[in-house]
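Q: I am new to this structure. Please take one part and look at it closely, then show me what lies around it.

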Amino acid sequence: MPKFQVNLFDALATLEELYRSLKQEEKQRVARRMQVSPRWFIARMRKLKVYRQHVVDMIDIGRALGDAFAWWFYENDREKLAEHTRKQRQKLLPPGIGRAGERAVVENLRMFGEKMMLYHGITDSLRVGDFSLIDLRARRCVGLVEAKTSPPADGRIGVSLNIVAEQPLELPEAGPSSSANEERPTEPAENASEQTIDPLFMTRLRRQIEEMKVTLRDPQQVDDIDLLKSVGLRAFNHFATIDQAMREMTPGRAGLASTDEGHLFAAVPMTGVHRFDPARSMSEGTINRIFAGLADELMAVMLPDRADNALHMYTLNDCVRGFGAHRLPLQYWPLDTEHVRRIVLGEVMLVAAYNPAHFHRRLEAMGFALELDLEKRLTAARKVIADRELRLEAFSYFYSDLATGTLSLANIQYMFEQMSETIDTRGGNQRVDIRPVMHRFKPASLGS
């Protein structure tokens, strides 16, 4: 693990240089297209596009590995992770001296005192600041760092670290993890003279510092949060069924497995251009090929005498990277390790065909009246409780978690029952959000 971050940094940097060189050649070919035959030009541009897409796919795999590494340290800090994922994605490492400066920190300053320096550039999900300061005992983020690199002088570059932390930090002493030529700063960057610094640079830095402060805020201090109830329940899921679909797969043939809650999982061996990014292969033609000849299997997940039978398609490979703050990345699902490897590397496309009529039937059994759109998707569910109407909306989260098999109908029913009981104790019209957070282990906050 000591060199994981710098090794992944170097791998991503190499891929990005290749990506930029391919883009540069494309521009050059376009500029000189009148000097070559149209047929050769079109063939070359197509080939460059294929090369470039392969490089992008490999970068995505690298960042998926970085996300899985980072999530281990943010597992107990979901609110901070949510703040990160609200920001715009950074698709590439910084160019030029900015990249050199950040790499120098990654390689030479692995620990800041007793806190680990977690680099954001190797991930897709950490987007505020350049580094997180991680308390390894608690596995929590206790600070954020913005690195700024100054132009080379005397053959050396200078890097300043602008830190926002929950508690005051002591500057680390020079040690084995620091560069032999590194000079320990004597005062914070805020006290440095700004007379020779670009005003736009300072404006951007102040904005970045404010973003770091917002990310580190205590969620209990947020004005618009009124926590009504926090409960824990054991998650019942369909991971074993996913493993079964993977085992049923053979070269050239999808593996299938179904559940009695409306799922049909298909594990599809991948080949061709989009092997490393199955999400781009989910065209209508691809879906038809996957499920061609599977009429009996698809009919098995339908419910007789219901008009809302439908099939919603999901690619579970999307759970590998850019994960939501309150879910588990697929890398941490309790699947066979070899199956996880094949999914992460894009050797397998994992597709879930889900019939939401099973979900709708469970809600009706709980006393809800349903409102559906033309695609049989639930837009609202209504129930009268103590002479007041409870109206539920925004079901996309539950559709997604049910379809991917990470939650069961029993889990969803329990959540809604708990909310109904909570609503019954409060008067007046209210809007209540359910915010499920999935954990691998029971959080200490839930007690015994």
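A: Start with helix α6 and its surroundings. The buried residues of α6 pack against four elements: β6, β7 (263–269), α9 and β9. This is a predicted model. Which residues of α6 are buried? They are Phe239, Thr241, Ile242, Asp243, Ala245 and Met246.

Take the neighbouring helix next. Helix α6 covers residues 239–248, and helix α9 covers residues 337–344. Their axes come within 10 Å and cross at roughly 75°. Angles from 65 to 115 degrees count as roughly perpendicular, so α6 is roughly perpendicular to α9. Which residues make the contact? On the α6 side they are Asp243, Met246 and Arg247. On the α9 side they are His339, Arg342 and Ile343. Sorted by class, the contact of α6 with α9 has 3 charged, 2 nonpolar and 1 polar residues. Asp243 and Met246 thus appear twice: both are buried in α6, and both take part in the contact with α9.

Now turn to the strands. The elements β6, β7 and β9, against which the buried residues of α6 pack, belong to an open sheet of 4 strands. The order is β6-β7-β9-β8, and the pairing is antiparallel. Strands of a sheet pair through backbone hydrogen bonds. Which strands stand at the edges? They are β6 (255–258) and β8 (312–315). Each has a single partner strand, so one side of each is left without a neighbour in the sheet. From one strand to the next, the twist averages 20°.

Look at the β8 end of this sheet. Strand β9 spans residues 348–354, and 4 bridges join β8 to it. The two run antiparallel. Histidine 312 stands opposite tyrosine 354 in β9.

Follow the chain onward to helix α10, residues 357–365. Its buried residues are Ala357, His358, Phe359, His360 and Leu363. Just after α10, glycine 367 takes a positive phi of about 100°.

Go back to the end of α9 for a long-range link. Valine 344 and aspartate 60 are 284 residues apart along the chain. Their C-alpha atoms are separated by 9.9 Å. Aspartate 60 is found in helix α2, residues 38–74. Is aspartate 60 buried or exposed? Buried means under 20% relative accessible area; aspartate 60 has 14%, so it is buried.

For contrast, look at another helix pair. Helix α1 (residues 4–31) and helix α4 (residues 96–108) pack at an angle of about 160°, with their axes 9 Å apart. That makes α1 roughly antiparallel to α4. The crossing of α1 past α4 is left-handed. In α1, the residues that meet α4 include Phe9, Asp10 and Ala13. Their counterparts in α4 are Arg99, Arg103, Val106 and Glu107. This contact divides into 7 charged, 4 nonpolar and 1 polar residues.

One more set of strands is worth a look. Strand β3 (residues 131–135) is mostly covered, with 4 of its 5 residues buried. Strand β2 (residues 115–119) pairs with β3 in the antiparallel sense over 5 bridges. Leucine 118 stands opposite serine 132 in β3. Strand β4 (residues 140–153) also runs antiparallel to β3, joined by 5 bridges. Phenylalanine 131 has valine 145 in β4 as its bridge partner. The hairpin of β3 and β4 has 4 residues between the strands. There, arginine 139 takes a positive phi near 50°.

Notes. Residues are numbered from 1 along each chain as its sequence is written. This is a predicted model: local features need pLDDT of at least 70, side-chain atom pairs count only at pLDDT 80 or more; totals for chains, interfaces and linings use all residues. Side-chain values use heavy atoms; hydrogens and water are left out. Buried means under 20% relative accessible area, exposed over 50%, partly exposed in between (1.4 Å probe, protein chains only). Axes are lines fitted to C-alpha atoms, for helices over the stretch in contact, and angles run from 0 to 180 degrees between N-to-C directions. Angles under 35 degrees count as roughly parallel, over 145 as roughly antiparallel, 65 to 115 as roughly perpendicular and the rest as oblique. Contact means heavy atoms within 4.5 Å. Ala, Val, Leu, Ile, Met, Phe, Trp, Tyr, Cys and Pro count as nonpolar, Asp, Glu, Lys and Arg as charged, and the others, Gly among them, as polar. Two strands pair if DSSP finds at least two bridges between them. A crossing is left-handed if the near helix is turned anticlockwise from the far one by less than a right angle, and right-handed if clockwise.
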